[in-house]
Amino acid sequence: MSTPLPPATRGPLGRRFTEAVARGALELPVCDDCGRLQYPPREACGHCLSPSLTWQAMQLTGELLAATTLQHSNEAYFAERLPRRVGLVRIADGAQAVVHLVDDSKPGAVVGVRAMLDRSAQGVLVAHAVGGAMNARYRDEFTSPA
Amino acid sequence: MSGAIKGYDDVAVTAPVSWGYARRSEQGAAWFLAGALRALLSASGLVKDDIDGLSVSSFTLGPDTAVGFTQYAGLSPRWLEDLPMGGACGVIALRRAARAVQAGDATVVACLAGDTANADSFRGLLQQFSSFSRDCVYPYGAAGPNASFAFITDHYMRAYGATREDFGRIAVAQRENASHVSHALLRKPMTLEDYLNARPVAEPIHLLDCVMPCAGAEGFLVMSVARAEALGLPHVRLLSTIERHNGFPDDAVQYRGGWLYDREALYDGAALGPEDMDFLETYDDYPVISMMQFEDLGFCAKGDGPAFVRGHTLTTDGSFPHNTSGGQLSTGQAGAAGGYLGLVEALRQLTDQPVGRPVAHARHGLVSGFGMINYDRGLCTAAAILGRADA
């Protein structure tokens, strides 16, 4: 029996995100014309429809808009690691990101969002309070390539 | 703000059918759609050759679409729609079919929605529901829409002081309504205590906030009033409809829906107001969304949903009949058919052929649709006001 792993399926833009995380960078597309950050990533600007976007390295912090504690998952990997928290973070105007929430931050808190690799070597966003730390139980789930 | 919209005076909606409800099935979606189509013919006395328009909505028909179903079922329509709009697909199919009949592009449109359900189908659906969801939601706990609606519910509760009891009132009343409906899959009596004690799924969402995916199909026919009368079919008048997609995209968390853009046009088109509605069928994927529809369709102000449910009885025989056959929360969500069931129930109430309890003196009903959690919010909204043919 194989060991369950987190979902590994991604499209081309998800793979582009992972490729940057694998070399230690959090990169997301930004519109060359209007400057808007695109999340979820896309190839045309969701604001001005420019066909010209550039993936840029960035640091992300933002307000935790909402959070939940999962007591059920459709994937065996997560089902073996319940309960666990996920959150929704405002990372820019018009952009909010679903993240692994790895501390006990409450909505309204300002969290820092990092890009790390999960156990399927896929890039994912991981958040905890600015100045805080990842809860120890998650340490074997996520790695930060140097 | 919408401009002057053509009315629907000559449009009749008939033959509400529900077919094949089961917790799981080894049959494919096309089998369920065919079952509903056969039920439409049986209910109307028509034959396949009379159907010259077809609308199909299904999540599990893939790799086929409506096109494949025409060959499967041996139909040769001159008008065809494939509507992947989830919980809004019923009202939107009705909108499309009505205009086809008015324009003469079709004379009898069969509107169908149906899905199968088995151990793998739901998970498969969630893994690749959309490109945004595949890359930016599913990898984060694979909780499906429960997590997205947990965010929306959490945010709404904090913003407006809604309690779990308020959402429970909606679920409990729907369960009471479903207790009289023989094809409802969830009829075990539910008290508010049962609702509150149900196990957590994704806080603040608990088990009885969640629909049960199942297999089944729903359908109806759209034709001219003249045709319906010639066939002697009980029918319903379409008074007004609206739809909107990706409403309020700059709201960081969804707390209102696209109905707000066109609500005035909806009521103006029917020359009626919320107070004239004898019942309301909302899309109930989660109670918070039903509450949002009470607000955004004008039954109470934004944020007053909690006070509204505390001040009304939502059973079919109550002060505000809501989801009168039990909604998806008690019938089961047969995939896309969940986007039809409120409309089908409204047709039954307005032609005096309810499957459960009748709404007393029902003359006008409002049906609302919502769906397609492409990333973090439901993108599709739609609504229709229906009237008894002899009102």
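Q: Why is Leu379(B) called partly exposed?
A: In this predicted model, Leu379(B) has a relative accessible area of 23%. The term buried requires a value under 20% and exposed a value over 50%, so at 23% Leu379(B) counts as partly exposed. Leu379(B) belongs to strand β11 (residues 378-388) of chain B.

Q: Which residues does Leu379(B) touch, not counting residues up to four places away in sequence?
A: They are Arg244(B), His245(B), Asn246(B), Gly247(B), Gly371(B), Met372(B) and Asn374(B). Each of these counts as a contact because heavy atoms lie within 4.5 Å.

Q: What makes the pair Arg244(B) and Asp262(B) a salt bridge?
A: The N to O separation of their side chains is 2.8 Å. The cut-off is 4 Å, so the pair qualifies as a salt bridge. Arg244(B) lies in strand β8 and Asp262(B) in helix α10 (residues 259-270) of chain B, so the bridge ties together parts that are 18 residues apart in sequence.

Q: How are Arg244(B) and Asp262(B) classed, as buried, partly exposed or exposed?
A: Arg244(B) has 27% relative accessibility and therefore counts as partly exposed. Asp262(B) has a relative accessible area of 4%; this is under 20%, so Asp262(B) is buried.

Q: What makes Glu243(B) and Arg96(B) a salt bridge, and which elements hold the two residues?
A: Their closest N and O atoms are 2.8 Å apart, and the rule asks for a distance within 4 Å, so the pair counts as a salt bridge. Glu243(B) sits in strand β8 (residues 235-245) and Arg96(B) in helix α3 (residues 89-103) of chain B; the pair thus links distant parts of the chain, 147 residues apart.

Q: Why do Glu243(B) and Arg96(B) receive their accessibility labels?
A: Glu243(B) has a relative accessible area of 15%, which is under 20%, so Glu243(B) is buried. Arg96(B), at 23%, lies between the two limits and therefore counts as partly exposed.

Q: How do you know that a salt bridge crosses the interface of chain A and chain B?
A: The rule finds 1 salt bridge across this interface. Arg123(B) pairs with Glu75(A), the closest N and O atoms being 3.4 Å apart. That distance is within 4 Å, so the pair satisfies the rule.

Q: What describes the interface of chain A and chain B?
A: In chain A, 34 residues are in contact with 33 residues of chain B. The two chains bury about 2900 Å² between them, 60% of it on carbon and sulfur atoms. There are also 19 residue pairs in polar contact across the interface, both residues at pLDDT 80 or more. On the side of chain A that touches chain B, β3(A) gives the largest share, 6 residues. The residues of that side divide into 18 nonpolar, 12 polar and 4 charged.

Q: Why is Cys48(A) not assigned to a disulfide?
A: The closest cysteine sulfur, in Cys31(A), is 3.5 Å from the sulfur of Cys48(A), too far for a bond. A disulfide needs sulfur atoms within 2.5 Å, so this pair does not qualify. Cys48(A) is partly exposed, with a relative accessible area of 33%.

Q: How many disulfides does the structure hold?
A: The structure holds 0 disulfides over all chains. Cys45(A) is in no disulfide, and the nearest cysteine sulfur, that of Cys34(A), is 3.6 Å away. Cys45(A) is buried, with a relative accessible area of 1%.

Q: What makes the phi of Met372(B) notable?
A: Phi of Met372(B) is near 70 degrees, a positive value in a residue other than glycine. Most residues other than glycine have a negative phi. Met372(B) lies in strand β10 of chain B. At 18% relative accessibility, which is under 20%, Met372(B) counts as buried.

Q: Why is Asp352(B) called exposed?
A: Asp352(B) has 56% relative accessibility, a value over 50%, and therefore counts as exposed. Asp352(B) also has a positive phi of about 55 degrees although it is not a glycine. Asp352(B) is in the loop between α14 (341-350) and β10 (364-373) of chain B.

Q: How do you know that the peptide bond from Tyr39(A) to Pro40(A) is cis?
A: The omega of this bond is near 0 degrees. Pro40(A) lies in the loop between β1 (27-31) and β2 (53-57) of chain A.

Definitions and conventions:
Residues are numbered from 1 along each chain as its sequence is written. Chains are lettered from A and ligands numbered from 1 in the order in which they are written. Side-chain values use heavy atoms; hydrogens and water are left out. Buried area is the accessible area (1.4 Å probe) that two parts lose on being put together, summed over both. A polar contact is a pair of N or O atoms within 3.5 Å; within protein, one must be able to donate a hydrogen and the other to accept it, and residues adjacent in sequence count only if both atoms are side-chain atoms. Helices (H or I, at least four residues) and strands (E, at least two) are DSSP runs, numbered from the N terminus. Ala, Val, Leu, Ile, Met, Phe, Trp, Tyr, Cys and Pro count as nonpolar, Asp, Glu, Lys and Arg as charged, and the others, Gly among them, as polar. Buried means under 20% relative accessible area, exposed over 50%, partly exposed in between (1.4 Å probe, protein chains only).
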